[in-house]
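The following exercises are to be worked with the sequence and the coordinates at hand. Each task is followed by a solution in steps.

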Amino acid sequence: MQFYPGIQALRGIAAICVLVQHSIVMSSIAAVSDYKSILKFDFGYIGVLMFFCISGFVIGTNRKMSTTEFITRRFLRIYPSYWMACAVAATIAPLSFDIWTALLLPTDKLTPFNLPYWTLIYEIFFYALAACVFAIRMSDKALTISVIGWLLLIHLASGYAITSDVAQPGWLIPISRYNQFFAVGLLCAINFDRLEKIEPACYMIIALIAFAASQIVLAVSLVSQALLYAVFLSSVMMASARLVKVPQIAMILGDASYGIYLTHFSVIVALLAALKTFGLSTALLTAMSFAASLIAGTLFGVAEVAFYKTLISAVLRRWKRNSGASTTAGSAPIA
């Protein structure tokens, strides 16, 4: 599995986008001001959708992996850190923690407080679907056709799919428009050998055109807008894949991005609750919230990545001893 520093750094940028969004919104609420006068662009939405595209791409690079190893990696990558983040969130406010919450199963219930639950259920659904499809061992051509068929199904079924911006899709999750981001990212991975020949400048032009078109169709079709957004973000991702050298801080943030994403909202809520009696300005609260959530989230993220690598290495070593097979932890981007 090849490692793409540019894509890993892009994960850090996506996490920063989410932090900016939530710091401004929550600080504005705490200061009793209108965040819409400050926040002119939905950074959080873009950050989340970029995570989806990158997940689709990274999972696509794992399509030749054994089904057992794939499932084990995905389970260990997502759940232990998520459960630790739940414990952190529970110190801020009570959690309604049941089997659906614990296992990130699709639900139409309200999300647990202080956790990015709704996005993670999409991740888990996509991982489960990918495990089933990859187990069939299709050719890349057949897999490409299948993914395109999924995109068509989402469009044909869009009248039945969830239409809210932050969806609790329940059993309708297979046809939710958000899956298009995973699908387009997956297509990029499957056909990477051909797509990497396109110059980064061309991808940026495609990204600009797709973004402009997405604004035009917004009032007509949410599902079409989501597809154009997926093309926009995946084009940025493909351009980033050509980057070999990126700043070290960007790599650190990319590695820690999952931990940042899991814990940042809890940190923001806790900090604002502690400062609510001081009458601070929105700008100061935003700066303090951003800095605190970035530092705490990065520390948590670095620790949870180290824990994951230790855990998966131990599991793979045990498999190797038991089977005599040559299995390594690999160096693919951490999804």
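**Exercise 1. Determine whether proline 5 is buried or exposed, and place it in the fold.**

Step 1. Proline 5 has a relative accessible area of 16% and is therefore buried, where buried means under 20% relative accessible area, exposed over 50%, and partly exposed in between (1.4 Å probe, protein chains only).

Step 2. Proline 5 belongs to helix H1, residues 5–30. Helices are DSSP runs of H or I with at least four residues, and strands are runs of E with at least two, numbered from the N terminus.

Step 3. Between proline 5 and isoleucine 124, which are 119 residues apart along the chain, the C-alpha separation is 24 Å.

The model is a predicted one, in which local features need pLDDT of at least 70 and side-chain atom pairs count only at pLDDT 80 or more, while totals for chains, interfaces and linings use all residues. Residues are numbered from 1 along each chain as its sequence is written, and side-chain values use heavy atoms, with hydrogens and water left out.

**Exercise 2. Describe how H11 packs with H12.**

Step 1. Two packed helices are described by the angle between their axes and the distance between the axes. Axes are lines fitted to C-alpha atoms, for helices over the stretch in contact, and angles run from 0 to 180 degrees between N-to-C directions.

Step 2. For H11 (residues 248–275) and H12 (residues 282–323), the angle is about 135 degrees and the axes are 5 Å apart.

Step 3. H11 and H12 are therefore oblique to each other; angles under 35 degrees count as roughly parallel, over 145 as roughly antiparallel, 65 to 115 as roughly perpendicular, and the rest as oblique.

Step 4. The crossing of H11 and H12 is right-handed, the near helix being turned clockwise from the far one by less than a right angle; an anticlockwise turn would make a crossing left-handed.

Step 5. The contact of H11 with H12 comprises 19 nonpolar, eight polar and two charged residues. Here Ala, Val, Leu, Ile, Met, Phe, Trp, Tyr, Cys and Pro count as nonpolar, Asp, Glu, Lys and Arg as charged, and the others, Gly among them, as polar.

**Exercise 3. Carry out the corresponding description for H2 and H7.**

Step 1. Helix H2 (residues 43–61) packs with H7 at about 40 degrees, and their axes are 7 Å apart.

Step 2. The two helices, H2 and H7, are therefore oblique to each other, and they cross in a right-handed manner.

**Exercise 4. Classify the ring pair of tyrosine 122 and tyrosine 178, and state which cluster of ring pairs includes Tyr122 and Tyr178.**

Step 1. Rings of Phe, Tyr and Trp (its six-membered ring) pair if their centres lie within 6.5 Å; planes under 30 degrees apart count as stacked, over 60 as edge-to-face, and the rest as tilted. The count by this rule is 22 aromatic pairs.

Step 2. The ring centres of tyrosine 122 and tyrosine 178 are 5.5 Å apart with planes at 70 degrees, so the pair is edge-to-face.

Step 3. Because tyrosine 122 lies in helix H5 (residues 117–135) and tyrosine 178 in the loop between helix H6 (140–156) and helix H7 (179–190), the pair ties together parts that are 56 residues apart in sequence.

Step 4. Both tyrosine 122 and tyrosine 178 are buried. The cluster linked by ring pairs consists of Phe52, Trp118, Tyr122, Phe126, Tyr127, Tyr178 and Phe182.

Step 5. Tyrosine 178 also has arginine 177 over its face, 4.9 Å from the ring centre. A charge sits over a ring if NZ of Lys or CZ of Arg is within 6 Å of the ring centre and within 35 degrees of the ring normal.

**Exercise 5. Locate leucine 104 and give its phi.**

Step 1. Most residues other than glycine have a negative phi.

Step 2. Leucine 104 has a positive phi, near 55 degrees. Leucine 104 occupies the loop between helix H4 (99–103) and H5, and it counts as buried because its relative accessibility is 0%.
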